[in-house]
Structures are given as C-alpha cells and as structure tokens.
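Reader: I'd like to go through the labels people put on a structure and hear what backs each one up. Can we take the ligand, the pocket, the cavities and one side chain in turn?

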Amino acid sequence: MKVTRAVAGTAIAAALLLTLNPTSAVAAADTGLRDAAKHTGVRIGTAVDMAAFNADTTYRDAINREFNSVVAENVMKWGEIEKERGVLNFAAADQLVDSARANGQQVRGHTLLWHNQLPGWLTAGVTSGEIDAAELRQILKRHVFEVAGHFRGRIVAWDVVNEIIDDNAQLRDTIFLRLLGPGYIADMFRWAHQADPKAKLYLNDYNVEGINAKSTAYYDLVKQLKADRVPVHGFGIQGHLGVQYPFPNNVLDNVRRFEKLGLDTAFTEVDVRMPMPPDATKLQAQAYAYSALLQACLLAQRCVSFTVWGFTDKYSWVPGVFNGQGAANLLDENFIPKLAYDAVKTTFTLGGR
Ligand code: G3I
C-alpha cells in the first residue's frame, strides 16, 4: 500500500504524540523492532560488541529478535584485523557475518579506513618515516582488497572512509591526507568497488545530521566525486546526539539533498546520551530524538537503514568517553525497553513508504 507523504506526515505526527504516551496496542510487546519495521523498506540495525555477543545470551538473543541488520562495533576495523603486519584475523568478524546470515540480517561493513584504531605498526612506520608515501599507498590498496575481498558478496554496504572531514568542515588532517593528498578518497572508493562490485560504498561521519558547514562540505565533496565518476553510492549519518543539545535542524532536507545527488542515505550509529542520572524529562527528550531521526529516514525516499550504535545501556561506548553521561540506548542495562524503544517501534509501525 503506497502511503502518501501527507498521510505519512500525519501518521508520524501521531507517532510523535504516541512517543510521549505509547500505548501497548501499537507497540506489540512480543515482537521486535524488526517486525515493526518490515513493511517500511527501512532496515533496523545495531552495532554488535563481539565480546558481549559471545559472553551474554540475553544480548545475543535480543540482537536476533530486534534487528534485521548488524554492523561490527570494532572487529572489522584495521587495528583489530591486522594487529601484526601481514597477519589478518577475521575470526570475530566472520562469526558475526555467519550469525547474521543465519538470522536473516544484512551486514554493514565498518570501516575500511578511519584515522582511529589503526594498527600500531602502520602509525609507527609512518611516524618514523620507515613507511613513505608510495609504500603507504600500496599498503592501503592491499588492505582494501584484502578486507573488502574477504567479505565480497556478504556485506551490503561499506563505510569506505569514516570521519574524513573535521568539525571545521575541512578535510581531516590525517597521515593519509598528509602523505597521499586528497586523492586518497577517490582511490579508496575505486579500490573498494573493484574488490566488491556489489557492495554499496558510503562516506560516514558525525555532526552531519542537519544542514551545517560540515554536511555541506560533504555535499560539495560528493558532487566532485560524482563529477569524477568515482563509485560513491551512499552517505552515512552517524547520529550521535545528546538530550542536552538542540536537535539538529533540517534533517529531512539534508537527507533529501544527498538523495538528489543520486545517493542512498542511512543513519549509521544512532544513540542519544544524557547527563546522568536519567529522569522522566530526559527520557522523553531521548524518545523524541530517536523518533524524529527515524521519521526523517522514513519520509526520505532512499534512506535504507536506521542503525543504533548499541541498543542496551549494559554495553555502551558513551560513559567511557563522555564523563558523567550515559543511558544512551533503547533498552536499559537490564534489557528493559525504555520510552525510546516504544517510540522507535511506534514510529516504524505508523510510518513507511
Ligand atoms: O581490542 C583492544 C584490546 O586488545 C585491549 O586489550 C583493550 C584494552 O585497552 O582495548 C581494546 O580496544 C578497544 C576497542 O574499543 C575494542 O573494544 C579500544 O581500547 C577502545 O577505544 C575502542 O572503543 C571504540 C571506539 O570506537 C574507538 O574509538 C568503541 O567501542 C566504539 O563504539 C567506537 O565507535 C566509533 C565508530 O567506530 C565511529 N564513530 C564514533 C564511534 C564512537 O566513538
């Protein structure tokens, strides 16, 4: 059934109201988010902590009940795969991919290149000068072919490059930009496309939810890459928010402008943290933020997935990075659904294309 935009809008406005007063009638308790999402054309995903995945059956069961898409929180990153130069360890990543296949879940690949979590031997080699520009380019190319090649046909989309523009809307100053120049970005996409022609290739970053200098820098970069016939297929919007900050403006218009450039879009790392302890007002603000981001995805035409960066407060990167903050996820530390969970489920139930 094709839901007209106006109806979608009205339905979603209703979802917003229900966000604050969810009724179990809409949010059927026994089925997961993936059931609520299945009619919408938008996948609901989560980042997976593989240590927790192997140690906590409640965690693992919740992943398979709630989500039809997964991404590795850490085990597909360069520093985790190639701790020792030339020695590749895909065991944990393969385990996630195999489990996803068995549970009808798509897998997003995160990430072929990021300035963080790089192998120590690589950063040390560049710093000492032992690894020069020509060798770095060869190492980077080999890494893309080895990793994207290894998962060829099993990954629906790759974050090819992560966080390559800084908060001043400039290309981030990394060893790759310094030694290889801005051309390394196009190289990454061309190599990844050769290594896995079916995978959708994404740029991915944070603080690009709304229309601002940083998201506009990406908009201009995409136009240039497209003009140079570089195989870039998607724009990933991380979505790390905080209830203490204003909600980003013009999220839907921002998503739509990237779609007009011929790109798919995705929310790739959504969480909404708060200054601890949680209270009713913060939890309602959190529910609103999750629902409003999801609405933008549902109202857009080519937003293909909405991924949360972890779904339970039991396993979250937030407290370790933002002192005094936390409770960023849809379920609490005892896997009890929070208002945000009901809001997301209700928004899926009432939304859709
Ligand atoms: O694997 C090592 C292990 O060998 C070592 O014993 C242990 C103790 O130091 O550290 C382990 O590495 C940790 C890694 O997570 C795996 O657990 C790193 O210290 C820790 O810093 C790393 O944190 C991850 C962080 O990225 C790194 O910057 C978080 O879990 C992860 O949620 C976070 O995710 C990023 C996205 O990739 C990109 N966008 C932002 C997002 C949040 O920072």
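Author: Sure, what follows is a run of questions on a predicted model, each answered by holding a value against its cut-off.

Reader: What makes the link between H110 and the ligand a polar contact?

Author: The cut-off for a pair of N or O atoms is 3.5 Å. A polar side-chain atom of H110 sits 2.8 Å from an oxygen atom of the ligand, so the pair is within 3.5 Å and counts. E80 passes too, because its side chain has an N or O atom 3.0 Å from a ligand oxygen. With Q238 the partner is a nitrogen atom of the ligand, at 3.3 Å from a side-chain N or O atom, so that pair also falls within the limit. As for cover, the protein hides 52% of the 800 Å² of accessible area that the ligand has on its own.

Reader: Which residues of the shell come nearest to the ligand, and what is the shell made of?

Author: There are 15 residues around the ligand, and E73, K77, H110, E163 and E269 come nearest. By class, the shell has 3 nonpolar, 6 polar and 6 charged residues. E73 goes in the charged group because Glu is counted there.

Reader: Why is D313 called buried?

Author: Buried means under 20% relative accessible area. D313 comes out at 18%, so it counts as buried. D313 is in the loop between β9 (303-308) and α14, and a polar atom of its side chain lies 2.9 Å from the backbone nitrogen of N329.

Reader: What lines the largest pocket?

Author: The lining has 33 residues, with Y206, N207, Q238, H240 and W317 nearest the centre, around a volume of about 710 Å³. The largest share, 3 residues, comes from β7. Sorted by class, the lining splits into 11 nonpolar, 15 polar and 7 charged residues.

Reader: What makes something a cavity here, and how many cavities of 30 Å³ or more are there?

Author: A cavity is space where a 1.4 Å probe fits but cannot get out, whereas a pocket is open. The structure holds 2 cavities of 30 Å³ or more. The largest has about 50 Å³ of space, and its lining includes N162, E163 and R172. The second largest has about 40 Å³, with K77, W78 and T111 among its lining residues. β3 gives the largest share of that second lining, 4 residues.

Methods
Residues are numbered from 1 along each chain as its sequence is written. This is a predicted model: local features need pLDDT of at least 70, side-chain atom pairs count only at pLDDT 80 or more; totals for chains, interfaces and linings use all residues. Side-chain values use heavy atoms; hydrogens and water are left out. A residue is near a molecule or strand if one of its heavy atoms lies within 4 Å of it. A polar contact is a pair of N or O atoms within 3.5 Å; within protein, one must be able to donate a hydrogen and the other to accept it, and residues adjacent in sequence count only if both atoms are side-chain atoms. Accessible areas come from the Shrake-Rupley method with a 1.4 Å probe; for residues, only the protein chains shown count as cover. On a 1 Å grid over the protein atoms alone, a cavity is a set of points where a 1.4 Å probe fits but cannot get out, and a pocket is an open set with protein on both sides within 12 Å along at least five of seven lines; lining residues have an atom within 4 Å of a point. Grid points are joined across faces, edges and corners, and a volume is the space filled by probe spheres set on the points. Helices (H or I, at least four residues) and strands (E, at least two) are DSSP runs, numbered from the N terminus. Buried means under 20% relative accessible area, exposed over 50%, partly exposed in between (1.4 Å probe, protein chains only).
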